[in-house]
Amino acid sequence: MNKDTITPKELSKKVIHHYANSEKDVEIINEVIKKYPVKYTPFLLRLFEKSEAIRKQFLPSMQEIITNGTPTPFEEGKKASKTYGLERLYRDRVLITPNFDCPAYCRFCYKKSRVMRNKPGMTYEEIDKVAIEVSQMDQVRGALITGGEPFLDVDKLFYLLDKISALDNISEIRIGSRTLLTMPEIFTDEMCFKLASYNQISTENPEKSKYLAINVHFNHPDELAPEVLKACNNLTSSGITLRNQTVLLKGINDNIETMTHLFKMLIRNNIIPYYMNHCMPVEGSDHLRTSVQKGLDIYQYLCTESSTAIPHYVYAPSGGKVHVGPDTTFNYIIDENTRYIKVKTLYKADEFKEIAKKDLPPMHEITSDGFIQGLYIDGNDD
Ligand code: SF4
């Protein structure tokens with residue numbers, strides 16, 4: 001081998017320490033990655049060469065060592081089913097997680113404690129059990145297949161889709177995935193054709209129609225590389241709806257120009273801007289979190305654009321998602337060095353307890369009229 005050649009291992013090492021400027025920095029990054037592992041795909045590695053916005057989402061920062069966040073903001077107060085991989089957080093839909101792992105780890109992942117901790121995926125027997133359990137949930141009509149990354153084990157995903165789509169009560173199936181960015185090469189014609197077969201529109205009896213859509217995850221226009229858009233186009237031209245969920249990230253997309261550009265590019269390429277999520281307070285991601293107000297400033301501008309390019313802007317205390325409108329004002333509580341937003345959610349405490357089979361999450365209480373009220377750790381714009 002030529003001595004100037006860099007082996008994949010050396011390249012990988014260089015990439016992991018991209019944000020280190022000294023030996024001390026290398027030590028800190030090594031500490032960070034012991035706590036929060038690093039993982040990325042060969043395709044992402046190629047994108048890293050071109051885009052700081054993409055590097056910042058996957059490469060470890062020294063700032064991750066100091067944090068105000070919690071390890072499990074997503075899981076707090078949720079324990080919805082006796083069956084591994086099944087959760088019911090809302091009246092009408094369930095979450096099914098066939099794999100907890102991902103092909104690449106986003107530094108701001110709100111499910112870090114699951115995704116980065118080598119939790120085993122569901123077995124085929126557990127999928128069979130889930131199908132039986134979901135078939136008995138009368139009010140449930142939708143299944144969100146989430147992760148980790150559902151496409152990490154394609155055979156298992158199709159086994160699950162076969163089981164779930166056969167249930168009489170399930171008419172809406174959504175798959176939450178970031179593989180369009182991390183492994184776009186998997187969306188071959190055959191894969192798209194197979195996925196599209198779960199769209200069963202009954203023109204005679206629309207009540208019987210079923211559909212499958214994919215919730216994709218793009219945060220910056222740089223992610224819309226030709227290979228990525230080709231994969232998206234393969235899916236949409238096969239009849240699969242793509243809806244995008246963006247996470248608002250400090251120093252990556254927290255400005256009007258980037259967000260409007262991203263949403264315009266998505267629309268033009270047949271992807272619906274669906275959600276703009278405030279980055280959840282998961283530990284090690286403080287440096288990527290803006291204030292909720294900063295997202296509102298961007299959102300107010302978006303509301304003056306064509307309505308097709310306006311996603312829902314939400315933040316999510318553990319007690320349930322909160323929608324932010326252009327006229328929203330926030331009720332702040334300052335405690336020591338942390339700023340919280342106190343908010344009454346749309347969810348009834350009794351219903352939450354019945355569905356989640358657990359008490360309210362920490363920092364949550366019941367209002368006098370029975371709704372869940374919680375505190376959400378705000379980010380900062382320093
Ligand atoms: S793709 Fe989603 S689940 Fe996987 S690491 Fe990123 S945010 Fe977490």
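This is a dialogue about how to read some features of one predicted model.

Colleague: Where should I begin, and what kind of model is this?

Modeller: It is a predicted model. Begin with a helix and its length. Helix α11 covers residues 256-268; at 1.5 Å a residue, its 13 residues should span 18 Å, and the end C-alpha atoms are 18 Å apart, which agrees.

Colleague: Which residues of α11 are buried?

Modeller: The general idea comes first. An α-helix has 3.6 residues a turn, so residues three or four places apart point the same way. In α11, the buried residues are M259, L262, F263 and L266. Viewed down the axis of α11, the buried residues fall within an arc of 90°, so they line one face of the helix. On the other side of α11, E257 and R268 are exposed.

Colleague: What do the buried residues of α11 pack against?

Modeller: Their partners are β6 (241-248), β7 (272-278) and α12 (292-302). Just after α11 comes N270, with a positive phi of about 70°.

Colleague: How does helix α6 compare with its expected span?

Modeller: Helix α6 has twelve residues, 124-135, which at 1.5 Å a residue should span 16 Å; its end C-alpha atoms are 17 Å apart, which agrees. Buried in α6 are I127, V130, A131 and V134. Down the axis of α6 these buried residues fall within an arc of 100°, so they too line one face of the helix. The face turned away from the buried side carries E125 and I132, which are exposed. What covers the buried residues of α6 includes β1 (86-90), β2, β3 and α7.

Colleague: Which residues have the most contacts inside the largest nonpolar core?

Modeller: In soluble globular proteins, nonpolar side chains tend to be buried together. Here the largest nonpolar core has 83 residues, and those with the most contacts inside it are F58, I96, Y105, F108, V134, A143 and I164. The largest share of this core, five residues, comes from α12. There is also a second, separate core of six residues, which includes Y347, F352, I355 and A356.

Colleague: What is I96 in contact with, leaving aside its neighbours within four places in sequence?

Modeller: I96 is in contact with G85, L86, V130, A143, I145 and L160. V130 is also one of the buried residues of α6, and A143 is among the residues with the most contacts inside the largest core.

Colleague: Y105 was on that list too. Is Y105 buried or exposed?

Modeller: A count of 20 or more other C-beta atoms within 10 Å makes a residue buried. Y105 has 21 such neighbours inside 10 Å, so Y105 counts as buried. Y105 is found in the loop between β2 (93-96) and α5 (112-115). Y105 and T41 are 64 residues apart along the chain, while their C-alpha atoms are separated by 9.6 Å. Neighbours within four places in sequence set aside, Y105 is in contact with P37, V38, K39, F58, V115 and M116.

Colleague: Which residues are around the ligand?

Modeller: They are C102, Y105, C106, C109, K111, V115, G147, G148, E149 and R178. This shell divides into five nonpolar, two polar and three charged residues. Two of its members, G147 and G148, are joined by a cis peptide bond, with omega of about 5°. G148 lies in the loop between β3 (142-145) and α7 (154-165).

Colleague: Which residues have a positive phi although they are not glycines?

Modeller: E336 is one of them, with a positive phi of about 50°. E336 is found in the loop between β10 (331-335) and β11 (338-348). With 5 other C-beta atoms within 10 Å, E336 is exposed. M363 is another, with a positive phi of about 65°, in the loop between α13 (349-356) and β12 (364-366). M363 has 19 C-beta neighbours inside 10 Å and counts as partly exposed.

Colleague: Where is Y315 found, and what does Y315 touch?

Modeller: Y315 is found in strand β8, residues 312-315. Y315 is buried, with 24 other C-beta atoms within 10 Å. Not counting residues up to four places away in sequence, Y315 touches H278, V292, V322, V324 and Y376. Of these, V292 is 23 residues from Y315 in sequence and 7.5 Å from Y315 in space, C-alpha to C-alpha.

Terms used: Residues are numbered from 1 along each chain as its sequence is written. This is a predicted model: local features need pLDDT of at least 70, side-chain atom pairs count only at pLDDT 80 or more; totals for chains, interfaces and linings use all residues. Helices (H or I, at least four residues) and strands (E, at least two) are DSSP runs, numbered from the N terminus. The expected span of a helix is 1.5 Å times one less than its number of residues. A residue is buried if 20 or more other C-beta atoms lie within 10 Å of its own, exposed if 12 or fewer, and partly exposed in between; C-beta atoms are placed from the backbone. The arc is that of the directions from the helix axis to the C-beta atoms. Two residues are in contact if their C-beta atoms, placed from the backbone, lie within 7 Å. A nonpolar core is a set of buried Ala, Val, Leu, Ile, Met, Phe, Trp, Tyr and Cys residues joined through C-beta atoms within 7 Å. A residue is near a molecule or strand if its C-beta atom, placed from the backbone, lies within 6 Å of it. Ala, Val, Leu, Ile, Met, Phe, Trp, Tyr, Cys and Pro count as nonpolar, Asp, Glu, Lys and Arg as charged, and the others, Gly among them, as polar.
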